[in-house]
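User: I am new to reading protein models and would like a close look at one part of this one. Could you walk me through the place where the two chains meet, and then through the charged pairs?

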There are 2 protein chains.
Amino acid sequence: LKTYYDCIPCFIRQALEASRFATSDENIHEKVLRKVLLAVSDMDFSSSPPEMAQFIHRIIRKLLKNDDPYREVKEKYNLFALELYPELKKRIKRSSNPMETAVRLAIAGNIIDFGVFGDLKHEAVEDAIKNSLTDKFFGDIDKLFNEIFSAKKILYLGDNTGEIVMDRLLIEQMPMDRVTFVVRGGPVINDATIKDAQRTGMTDLVHVIDNGSDAPGTILKDCSDILKKHFHEADLVIAKGQGNYETLSEVHKNICFLLKAKCHVIARHIGCEVGSLVVGNTGR
Amino acid sequence: LKTYYDCIPCFIRQALEASRFATSDENIHEKVLRKVLLAVSDMDFSSSPPEMAQFIHRIIRKLLKNDDPYREVKEKYNLFALELYPELKKRIKRSSNPMETAVRLAIAGNIIDFGVFGDLKHEAVEDAIKNSLTDKFFGDIDKLFNEIFSAKKILYLGDNTGEIVMDRLLIEQMPMDRVTFVVRGGPVINDATIKDAQRTGMTDLVHVIDNGSDAPGTILKDCSDILKKHFHEADLVIAKGQGNYETLSEVHKNICFLLKAKCHVIARHIGCEVGSLVVGNTGR
């Protein structure tokens with residue numbers, strides 16, 4: 001998926017938000033804003049949004065002299081999701097269809113995306129969870145269940161912090177010995193890295209690798225050889241979130257995208273409404 | 001009100017939307033986007049949002065070689081509001097407090113703001129009208145009524161096309177011989193100009209002047225001498241919308257702001273929730 005012009009104002013907003021997460025010094029906010037405006041005015045718009053974001057967030061981190069401006073907000077949302085975990089776990093157990101409930105919750109967790117919602121509140125996450133239990137799926141969820149239980153190797157590409165706890169709930173319903181969970185290779189926006197996989201207990205459950213890249217998506221050519229090997233060998237790739245969709249929607253592979261469509265660009269590309277719970281089986 | 005950094009992504013979005021209103025040629029969209037990004041990267045952020053927007057929209061119109069990119073959407077919303085007019089007029093007549101209902105509708109009309117909502121739908125206007133009839137006011141509406149009926153000269157600063165029809169409904173409840181209605185001096189975003197005052201029957205009701213400026217607000221030093229004379233002589237200034245608030249909130253004058261708080265920057269400055277119906281009597 002190429003970058004739409006609509007993504008550009010979003011990148012500018014992200015630059016401002018990242019600065020504010022890092023410091024309260026308004027002079028630095030202004031400096032980052034001006035430099036990013038200037039850089040974007042001259043960027044190649046033909047790459048995907050995560051490629052543009054990778055480049056822009058490297059500039060932001062360098063200007064801020066901060067290798068992880070979202071550190072605190074990431075920890076906050078990991079903790080928040082861990083607090084919700086016991087109740088959500090019970091809800092899955094009590095459910096007449098635990099697997100479906102777990103998929104719904106995993107998609108609800110995708111609301112925790114500071115690339116889209118820079119001022120996300122806990123209440124919004126709770127609302128997303130509540131609504132996800134009754135919202136209609138856009139896509140074929142039964143096909144996903146069949147794939148999960150017939151696949152020998154499942155590669156689960158994670159997305160954000162906080163959300164990773166809801167991924168854990170879903171993975172706990174899956175044949176865990178066949179699952180490898182993937183995090184980003186370095187901090188970018190509020191995406192989950194290896195630290196978050198450790199922090200939220202994911203590393204105690206399944207094999208976890210990082211993809212070697214600091215893009216907020218999965219740009220295969222930018223990823224490590226280990227990631228590429230796992231990707232190649234997997235029967236089923238489960239790809240969480242918009243960033244993974246934007247970078248993998250054209251890749252020839254059996255990928256199931258699980259995401260909440262959070263902006264018009266993505267919703268239009270998928271052909272669904274904004275807010276939809278998307279289970280996108282490419283089936284290739 | 002100075003420009004907040006939060007306003008910057010909004011200007012970039014406006015540049016894109018203005019281009020799309022003017023042409024379907026994506027090369028032109030890209031050109032406008034890049035030039036505006038570059039211009040904004042080097043602009044003075046200490047002026048008010050309407051001053052920045054005036055400068056940016058001059059650049060946009062020049063690049064588009066189009067002196068009014070919002071022409072069609074302005075006409076569309078004038079027509080839409082004129083279609084609603086008879087029913088709204090009846091609603092005011094039937095109301096137990098026609099003056100209050102008219103104020104509510106005038107504020108509801110302020111939703112028609114393409115500076116904030118570039119993809120506004122007719123349904124959103126209808127919802128705003130419906131909700132405005134029961135929403136609580138933020139401010140002192142009785143003070144406004146007293147001022148209106150005791151003032152000798154009322155200067156009513158209009159804001160947007162479409163919205164101007166709802167202003168007409170309110171003005172029809174006022175002592176019309178004492179009212180002068182003001183439009184912008186030239187096209188900018190979807191703000192109302194003299195053409196729109198003619199188109200919607202405002203010129204048949206009250207004295208209408210243009211302010212001589214193409215800013216989406218009332219920057220007194222940029223306005224004509226006639227506007228300044230009227231402003232000076234008025235006992236009461238009624239100022240519609242965010243742009244007039246942003247440019248006049250610090251001016252020493254008896255001004256009543258009527259607006260729908262549509263973004264966080266304004267809501268925070270006023271101290272209200274986003275979406276509030278604001279009746280802001282400065283009382284100075």
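How many residue pairs are in polar contact across the interface of chain B and chain A?

Analyst: Happy to help! A word on the ground rules: this is a predicted model, in which local features need pLDDT of at least 70 and side-chain atom pairs count only at pLDDT 80 or more, while totals for chains, interfaces and linings use all residues. Residues are numbered from 1 along each chain as its sequence is written, chains are lettered from A and ligands numbered from 1 in the order in which they are written, and side-chain values use heavy atoms, with hydrogens and water left out.

Now to your question. The rule finds nine residue pairs in polar contact across the interface of chain B and chain A, both residues being at pLDDT 80 or more. A polar contact is a pair of N or O atoms within 3.5 Å; within protein, one must be able to donate a hydrogen and the other to accept it, and residues adjacent in sequence count only if both atoms are side-chain atoms. On the chain B side that touches chain A, the elements giving two or more residues are helix H1 (7–22) and helix H2 (26–41). H2(B) supplies the largest share, nine residues. Helices here are DSSP runs (H or I, at least four residues), strands are runs of E (at least two), and both are numbered from the N terminus. That side of chain B divides into 11 nonpolar, three polar and 10 charged residues. In this sorting, Ala, Val, Leu, Ile, Met, Phe, Trp, Tyr, Cys and Pro are nonpolar, Asp, Glu, Lys and Arg are charged, and the others, Gly among them, are polar.

Each chain brings 24 residues to the contact, where contact means heavy atoms within 4.5 Å. Together the chains bury about 2000 Å², 61% of it on carbon and sulfur atoms. In chain B, Tyr5(B), Arg34(B) and Leu37(B) lose the most area to chain A, together 33% of what that side buries. Buried area is the accessible area (1.4 Å probe) that two parts lose on being put together, summed over both.

Next, the charges. Side chains of opposite charge can pair when their charged atoms come close. There are two salt bridges between chain B and chain A, a salt bridge being a side-chain nitrogen of Lys or Arg within 4 Å of a carboxyl oxygen of Asp or Glu. In one salt bridge, Arg20(B) meets Asp6(A) at 2.8 Å, N to O.

Over all chains, the count comes to 46 salt bridges. Among them, Asp113(B) pairs with Lys262(B), their closest N and O atoms 3.2 Å apart. This pair links distant parts of the chain, 149 residues apart. Asp113(B) counts as buried at 10% relative accessibility, and Lys262(B) is buried at 7%. Buried means under 20% relative accessible area, exposed over 50%, and partly exposed in between (1.4 Å probe, protein chains only).

For contrast, look at Lys228(B) and Asp225(B), whose side chains meet in a salt bridge at 3.8 Å, N to O. Both lie in helix H11 (residues 225–233) of chain B, three residues apart, about one turn of the helix. Lys228(B) is partly exposed at 33%, while Asp225(B) is exposed at 61%.

In chain A, Asp191(A) and Arg184(A) form a salt bridge, with the closest N and O atoms 2.7 Å apart. Asp191(A) is buried at 3% relative accessibility, and Arg184(A) is buried at 3%.
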